[in-house]
Amino acid sequence: MTTENVNRARGRSRQWQVPVFVAGVAALALVGFARPMWHISDSQKLDRLLSEAREALGDSPSNLKKAQESVETALQRAEQFPLRIAEAQYLAGEVYSRLADRSVPSESAPLWAKARLHLEEAAKREVPDKDRPRFLYELGRARFHTDAPPTQVIDCLAPTIESASDDRAEGYRMLTDSYLRLTPPNLQAALEANKKQLDLPQIDEKLLAPARLLRGKLFLQLHQPSEARKVLARIDKSTPGIYAEARSLRAQTCQQEKLFQEAAQLWEEALNDSTRTQPNSPDQIHYSLGDCYGQLGRSADAVAHWEKAVQDGAEGAQAAMLRLGEMKLAKQDLAGAQGSFEKALSGIKSPGEYRNSLLGLKEAQRVIEKACKSFRVQGDYERSLKMADLYRKLALPEAAQGLIGEAADEWARHLDLDQKKKPQALKVHREAAAAYEKAAGLARTPADQAKWLWLSGDRFRKAQDLDQAVAMFRAYLRVEVSPESRGQGWLALGTAYQEQQKDEEARAAFFKCIECPGVYALRARYRLAKMHIDEGKLDDAELELKQNLQLLEHTPDAEAHEITLFMLADLYYHRGNFRFATMRYQEALDQYPNNPATITARWRLAECYRKLAQQETSRPSYPNVNMFHLWMQMAKANYEKLVDDLTGLQARGLLKLDGEKILHQAEFMVAECSFELEQFAEAARIYDILADRERYRVDGLTALKQSYRCYMAIHEPEKARGALDRLRETLRVLDDNLFKGQPDDMNRKAWLKWLEWAEKQLKPEYR
């Protein structure tokens, strides 16, 4: 390049500096002029701090240190802007909850407490809508980790897990646990939350196993063992400890559900498990295996495992000894059984010292009770008494004699079923009563003594030893303090006196019973009424029964109410007070349709209505025809109901002889009521049916006579003539013996005379 060209180029390169310099000077002047307008307000600074906190939280991973610094400064500035405090408190709460997540468990508690403090402050104000779901979720988490009431946790987590949670599995786990913390726990809701956790896409079985284990336990609490086993069976060996616990639960539920083969397989697997995660000790497994094999009929295997449990010691040994005793007893090795039972309980002095998770106290009591009964049934009374004495280690001391009484009771009840064994039953009832009497002498408290004395008196009464029964009931009344129970005692004493035919003593006992509160006073009152009726003191009886019904309005007792109603209705019936009788019979039948006296009561109710109808027509002046028809219709309806009920019993072969007689009478009364109501066609139809059925009986003559009257009333002389012809033929073939014992107007001569009269009533052409 020439020298001229070089100089020209250098000149051009320097020319740009001038305008740049001028522009810089202008910019500086502009900045100086505009600086007052560029000042940042406190509100803008707060916005920047909150934005910085959000950005730091949103970083991956979150920059919690920066977020904490920003949010703490923001909290100070937010005091000037009340509407922004909620947002600042929320972000502070989220910062501390994340810090708690990253900390070790031993250091997280104060961080969770601080997170909750900020979030609760935010909850007092209006959190921005965009933050609301996330805020509620974080508040729920903070409450969960600070042991807030579970309802508060649930209210926050339930609506926000799906929309605001970073870890839905954790959210549903907390929600499940919160439902379980309720009082009482909401098992169904916990189960649903747990299902949502398991439905989340998971690959790692180690994360699913705890949730599945919990689900299995929830199903067990909900009494759904089959569903529990299905869930527990899905847990694999990748989590040995959880797998072992699930296997143990499966085995236990199989055992409880009597799936002994499956349970045995699981216990065998547990027995051979070499890991140290096994939740059951060898003695427990051997006992459980023995139980399964015993139920499967593999007695030798059961004995082998129980003997190994005995060798292992601990609670499995104790439980196994009791089961071995049962097995020996079943094989009638009485001495061996006694030895096993005594060895199993050798270190026990009282019920409080018996602790066994494999065979609980109630089951141990049942085993010894059963042994006591078995020895007694086999006639080994000495060993039975030893078992009763051994039973004192598991129950109150006097219960040993009580156990003997209970065993005798069971035997006596069995004997009661056979009338031929009644003498033996009375003897065993007496043995039970004597045992209870001894138990009363051993009782430690008046309440227990009263209980045994009551049982003793009742069993002596069943044994028909009324003197001893009276003595026990009187002793019972000396120690019993409960006013209502004393009423029961006086009632029992009065009943025993009645059975001894000591009416005055019975009456005095019943009056003492009436002084006591409760239902027994009501029962004593109707017994007194019955005594009044037997003595012919009907006014006194009526007064007692009416008073009883009034008292029953305040102290309901079905037994007393039922008996009182029927008794009062019968009293009104026998006294001819048919209107009141109908009210009480109807009430009794409506409320107690299964009472043994229902048939008789229904018959008497119908009779009351019929007699009320007759009273209307027998008035000396102005008979009430409308009331006559009303009463007669009610009578007919009840006779018809009686016929329907008795016909049903007859069809099932349940109708007894007295019921058949009432059915026969009721059918005639339905026809008679129809006649009285001038329903002559219906009455004739019924009488014709009865005449056919009773063709060779005197009642057949009555049916034909009434049939004749019906046809005459509806002006059908031809059918009336037919009824008379059938009556004449029936009268001709009936044996004279059938008329013996009949009233004078029902003998053969009277029937012939009536027949002659009836024919004269027909027009000549029908004679």
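This is a short tour of a predicted model, stop by stop.

**Stop 1: helix α12**

Select residues 205–221. This is helix α12, with 17 residues. From its first C-alpha to its last it reaches 24 Å, close to the 24 Å expected at 1.5 Å a residue.

Now show its side chains. Which residues of α12 are buried? They are Glu205, Leu208, Ala209, Ala211, Arg212, Leu213, Arg215, Gly216, Leu218 and Phe219.

Bring in the neighbours next. Add α10 (168–181) and α11 (187–199). Then add α13 (225–232) and α14 (240–256). The buried residues of α12 pack against these four helices.

Step just past the end of α12 and pick His223. His223 takes a positive phi of about 60°.

**Stop 2: the cysteines**

Select the cysteines. How many disulfides does a search of the whole structure find? The count is 0. A disulfide is a covalent bond between the sulfur atoms of two cysteines.

Zoom in on Cys513. Its closest cysteine sulfur is in Cys516, 6.0 Å away, which is too far for a bond. The cut-off for a disulfide is 2.5 Å between the sulfurs. Cys513 is buried, with a relative accessible area of 0%.

Jump to Cys372. This residue is buried too, at a relative accessible area of 1%.

**Stop 3: salt bridges**

Switch to the charged side chains. Side chains of opposite charge can pair when their charged atoms come close. The count here comes to 61 salt bridges. Three of them follow.

Start with Glu94 and Arg98. Their closest N and O atoms are 2.7 Å apart. Both residues sit in helix α5 (residues 82–102), 4 residues apart, so about one helical turn separates them. Are they buried or exposed? Glu94 is buried at 4% relative accessibility. Arg98 is buried as well, at 18%.

Move on to Arg693 and Glu667. The closest N and O atoms of this salt bridge are 2.5 Å apart. Arg693 lies in helix α35 (residues 680–693) and Glu667 in helix α34 (residues 657–676), so the pair ties together parts that are 26 residues apart in sequence. Colour the two by accessibility. Arg693 is partly exposed at 47%, whereas Glu667 is buried at 12%.

Then pick Lys719 and Glu716. Their side chains meet in a salt bridge at 3.3 Å, N to O. Lys719 is partly exposed, with 46% relative accessibility. Glu716 is partly exposed too, with a relative accessible area of 28%.

Go back to Glu94 and Arg98, and widen the selection. Add Asp101, Arg134, Glu138, Arg141, Asp166 and Glu170. Salt bridges that share partners join these residues, with Glu94 and Arg98, into one network.

**Stop 4: the nonpolar cores**

Hide the charged groups and look inside. In soluble globular proteins, nonpolar side chains tend to be buried together. The largest nonpolar core here has 76 residues. Which members touch the most others? Select Tyr585, Tyr639, Tyr687, Tyr708 and Trp751.

Centre on Tyr687. Leave aside residues up to four places away in sequence. Tyr687 then touches Phe668, Ala671, Glu672, Ala703, Gln706, Ser707 and Cys710.

Finish at a second, separate core of 49 residues. Select some of its members, including Ala251, Met321, Leu322 and Tyr391. One of these, Ala251, falls within the residue range of α14 (240–256), which takes you back to a neighbour of α12.

Terms used. Residues are numbered from 1 along each chain as its sequence is written. This is a predicted model: local features need pLDDT of at least 70, side-chain atom pairs count only at pLDDT 80 or more; totals for chains, interfaces and linings use all residues. Side-chain values use heavy atoms; hydrogens and water are left out. Helices (H or I, at least four residues) and strands (E, at least two) are DSSP runs, numbered from the N terminus. The expected span of a helix is 1.5 Å times one less than its number of residues. Buried means under 20% relative accessible area, exposed over 50%, partly exposed in between (1.4 Å probe, protein chains only). Contact means heavy atoms within 4.5 Å. A salt bridge is a side-chain nitrogen of Lys or Arg within 4 Å of a carboxyl oxygen of Asp or Glu. A nonpolar core is a set of buried Ala, Val, Leu, Ile, Met, Phe, Trp, Tyr and Cys residues joined through side-chain atoms within 4.5 Å.
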